[in-house]
Every structure is written in structure tokens, then in C-alpha cells.
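The following exercises ask the reader to work from a structure to reasoned statements about burial, strand pairing and charged contacts. Please examine the sequence and the model before reading the solutions.

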Amino acid sequence: MTTDNALDQQPLDRTIDRRAFLARTAALAAAASAGTVVLPGLAGVAAAAPGPNSGPAAKFNPELDKPAAYNKPRADTMSEPTEWTVSEAAWMIRQKKITPEELVKAYLDRIAAYEPTYQAFNLVLAEQAVKAAKQLANRPHRGPLHGIPLAIKDNYFTEGVPTTANSYLFKDFVPPYDATSVAKLVAQGGIVLGKTQMGPLATTRATTPNGEITTVNAWTPTNPATNPGGSSTGTATAVAGRLATAGTGTQTGGSITAPSNAQNLTGLKPTMGRVSLAGIIPLSYTRDHPGPLARDAKDAAIMLMAMAGEDPADPRSEGLPPVPNLINAATPRYEGNRLRMRWKTRIGVLPGYADGTSETARARQAFLAALAEIPDATLVDVPYPDDWDLLTGTAFNNVRLPERSEPFMPYLRTDLKGFGVSLTGWLQGAMLGANAFITGQRAKLVLLERVLDQIFSGCDVVVQTSPTPFDAIGLPEIGFPIGFTAAGVPIGTILGGLPYAEDRLLSVVAAYQAVSDWHWRRPPNPPAGGAQARTAAGSRGRLTAEEVAELSQ
């Protein structure tokens, strides 16, 4: 039975957050209308302006260094460090059974063997990572991220290291400081192993700026047609393919949850503002969300606790409720030998979620059945809010496009070729009328109010069939594995939660992962070196401008 009283505390009462969150969302919409985003190239960021990591936002956070953050590795993984989760690797490092340098080199060995096939990275920082690992060996232990090799999406600033967003526009951009969230991860002892491939300017699955497909799904490395998920493709493939322990992504329209679902990972998109966006190349002022891609709920919690918190460099992150103990929330609760949900939780099921006989439907049915067997979990039917199809349809979703185009207007006037194959979306945003944009911002508030009042009046978390609605209104979501197709491709699902309720989402996923083993499964190794690897990494096709416009988040 759990004896840590902190583990059994009830989550914060969310009722007062609803109105406050509506007001914050309205303020964000007004800020977006005023045009508040400045791109790094236009801002002259290479000048000597202090970076966000020069302030208090990136200080060491001792709240991560809790007993629940460490788990002894499973017996069958003891000889393979790249199989370990963050919490398992952290246990081994703290027990001095492996050094950070040895762990980094284990990942570098896999990168040398399999990266030619996966193409998960834009840049591998081998020498820098080994140097950081050696330095950490002689420093006081920094918590569960001490010595952990991380994959960083290539739209996060990294000091002195190119940050390209896989685009022509930023191909020569080298930021003079780290993004706040990168600085926080490093302050906790995390090691930047490399910068990962992504959809150009965070739009689609990872391609070159002209649309040539690069990164493959780690589960089908010789079949580039299998969608690996985007735009945080490289991070997902790196973590799934055991080229990094965990990593970072950004989500504007599914770019954390989609690649996590596609590659058997647990990806957490937090509430808008929970993680600072300072030092991340923007896509949408009111919809960009930084967050982790990891192997299980515990790892996602460790990563998010390190990344989250107030940052003076991003007003969206200030004035929020405090970050709860996500690591405890992601720790399964037992009474004796019996698993229980950490808190009594009503799990909302939307109409049609598990209907049918497809592989996905059967996986969803089994997932719901497993949850229903856990004490203190209750499945409840909840309705779609009024006018759901209208408020979540294409016309509504397109109100994001002017936010994308506004900071890029100088480039749109002078350098259309710089946008490569993704140009169409930026042109669409530039041409969308002001009336449509304002109407869309108002519709967003209507949608948020109806989700809070009509869905969450009957449940604490809710299943999702698409990440887009909750992305638009800034609510947290978590994607995680629930099965596989007959062809061996992962099947995932998404849960959505109330504002700042990442702890509740993590508690549900942790309980489900305690009674399932999907998250423990790893893909087989792809061809390593030689002719097979060159064939697997050959021409992988190309996305057309029309396909990019259709698929863009």
C-alpha cells in the first residue's frame, strides 16, 4: 500500500480555473490579432540580447529528485541501456551502475548503426554530448535527468548549434542561447544528443524543404509510406528507435500526440502556457504547445516537470496555477497488491469512439474494457457539444493560418521560394480576411466554453478521436499506445483534460500502463550499414504542395 501521503492527495479543484482559462484564451486571441510574434531572423536575435536561459526560468528544480522518479530496470533489459526508460536509466546512474558517458556512447553506437536508415536527426552532437556526460560525472547528482541523452526538435533554439526548423528560411540560423525549455532540461542534467528532423516549419511529417520524405516510422523502417506522424517526426523516431531516451516536440495540430500514436510512445501536450515558448520558432501564437515525447507516463511526467513553469520571456507562461507533482501522479497506486486509480476518475466516452470492427475500433474497445476494470475508474457517456462539427470543421480550423502568416509577411513579400513546398498554407493565411479571422477567434471561445460546460460537466478526462479541437482551445492531451495492427503498426489513442490537469491525465495513463504492456514493446532493428541500409534510405518519395496543404497542422 502507498505510504507517501503526497501521492494520495486529491488533485486541485478545477472549477475556478474554467472561467480564468476562458479569460486567458480571450486575451491570447486579442494578442494574436495585434501581431505580437517576431521571428528570430527579423528580430536580430544574433545580436547580444540576453537569452531566456540567463534568468531564473532555467534554474535547477529539486522537486524532480523524488523517490518515485527512479525505477530499477526490468530484468530482461539490464544488459541493454538503450532499452531503459528515463526513470530506469536514472536509477542506474544514481546507483553508479552506469555512467552518463557510457549511456551516451550506447546511444551513439546505435545512431552510427541505424541513423542512415531512420534519418531521425538533422544534426548529431556526438562530441558535445560526450563532453557534457564527462562533466556530469564530476558534478553533484541533478535528479532523474542527470546524464540522460535527449533528442531536441529542430525548432528549439540551441546555443551555438544550428536551428533550422527544416526550412530554407532558417538554414543558416545559429541562435546565441537555448530555448527556455532546453535550458531547463540541461539545468536538470539532461544531455542534448542532437537536433531532430521535422516537418518544414512544423507543418507535416519530416521532409526536406522541397518535400522529399526523410524520416521513417521506426516500426516500418523499410516502408517510408507508413506515416511516422508529424511534425515532431524525428524525435518520435529517435525515441522509438532507441536513438535517444526521450525528447521534445511541439504541437499546433497534433504534432506530439500523432507521432506518439504512430510510434508506440507516450506524448504529452500540456495546457497552453504550461511550458514557455520562448526560443522556439513559432507557428501559431495561440496554438503552439511544447511538450515531451517519451516511452511511458512516468518519463513524460519527468520531462514535463523539468520543462514547465513560469518564464518572464513568455507572458503566456505567467500567472498559472503551480505545476503539481506530475511524477507522483504518473506513479501507479496500489492498495496492498491491488491497483487502483490514483483519484476517482470519470472517463468520458464520446459517441462512436469505439464503434465498428476495424483494428482500431477493437483496440479502443479493449482499452475501455481494461480501464473499466480498474477500481475508482468509471466510464461515462458524454455528448459532443452543440455545433461540434461546425466549430471544429475546416473553416474553423483555418483561422490559425493568419497567425502563421503574420510574422512571416516580410518573407512572403520578398522570398516566396524560401517557404519551399509548404508555401500554400502561408499564402492562405495572408489572404484570409479580417472578418473571418475575428469570427474564428470568437468561435474558439464558444467552443472552449461548450467543451468545459457540456463535456467536462460529466467527466474528468475524455477520449479524443482528433487532437485538433483541444489544440485550438489550449487544453492538455496525452497520446499513448493501446495495441498494434496485424501488420505490426502501433495503434494509439488520446485523452483530453481540463486546464492544467496534466496530473489527472498522467494518472489515468499510468494506471492503464500498469495493466498493459504495449508501451514496453520496441521495434526490431532496421538494416545496419551496407547495401541494405542504403536501399532503405534511398528515394522515399515526395510530398506535393497540394498534399502539404492538406496535411499541414
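The exercises below concern this predicted model, and each is followed by a worked solution.

**Exercise 1.** Determine which residues of helix α5 (residues 126-136) are buried, and establish how they are arranged about the axis of α5.

Solution. Begin with burial: Ala129, Val130, Ala133 and Leu136 of α5 are buried. Viewed down the axis of α5, the buried residues fall within an arc of 125 degrees, so they line one face of the helix. Next, consider the other side of α5, where Glu127 and Lys131 are exposed. Finally, identify the cover: the buried residues of α5 are covered by elements including α4 (100-118) and β3 (191-196).

**Exercise 2.** Describe the surroundings of strand β4 (residues 246-251) and identify strands that pair with β4.

Solution. First, examine the two faces. In a regular strand, side chains alternate between the two faces of the sheet. On one side of β4, Ala246, Thr248 and Thr250 are buried, and on the other Gly247, Gly249 and Gln251 are buried too. Six of the six residues of β4 are thus buried, so the strand is largely enclosed by the rest of the structure. Second, examine the pairing. Strand β2 (residues 149-153) pairs with β4 in the parallel sense over two bridges, and Leu150 has Ala246 as its bridge partner in β4. Strand β6 (residues 289-294) runs antiparallel to β4 and is joined to it by five bridges; here Gly249 has Gly291 as its bridge partner in β6.

**Exercise 3.** Analyse the salt bridge between Lys269 and Asp471, and state what it connects.

Solution. The whole structure contains 19 salt bridges. In one of them, the side chains of Lys269 and Asp471 meet at 3.4 Å, N to O. Lys269 belongs to strand β5 (residues 266-269) and Asp471 to helix α18 (residues 468-473), so the pair ties together parts that are 202 residues apart in sequence. To assess burial, apply the cut-off of under 20% relative accessible area: Lys269, at 0%, counts as buried, and Asp471, at 0%, counts as buried.

**Exercise 4.** Trace the network of salt bridges that links Arg333, Glu335, Arg340 and Asp376.

Solution. Arg333 forms a salt bridge with Glu335, with the closest N and O atoms 2.7 Å apart. Arg333 is buried at 15% relative accessibility, whereas Glu335 is partly exposed at 33%. The side chains of Asp376 and Arg340 also meet in a salt bridge, at 3.1 Å, N to O. This pair links the loop between α11 (359-372) and β10 (377-381), which holds Asp376, with strand β8 (residues 338-340), which holds Arg340, 36 residues apart.

Conventions
Residues are numbered from 1 along each chain as its sequence is written. This is a predicted model: local features need pLDDT of at least 70, side-chain atom pairs count only at pLDDT 80 or more; totals for chains, interfaces and linings use all residues. Side-chain values use heavy atoms; hydrogens and water are left out. Buried means under 20% relative accessible area, exposed over 50%, partly exposed in between (1.4 Å probe, protein chains only). Helices (H or I, at least four residues) and strands (E, at least two) are DSSP runs, numbered from the N terminus. The arc is that of the directions from the helix axis to the C-beta atoms. Contact means heavy atoms within 4.5 Å. Two strands pair if DSSP finds at least two bridges between them. A salt bridge is a side-chain nitrogen of Lys or Arg within 4 Å of a carboxyl oxygen of Asp or Glu.
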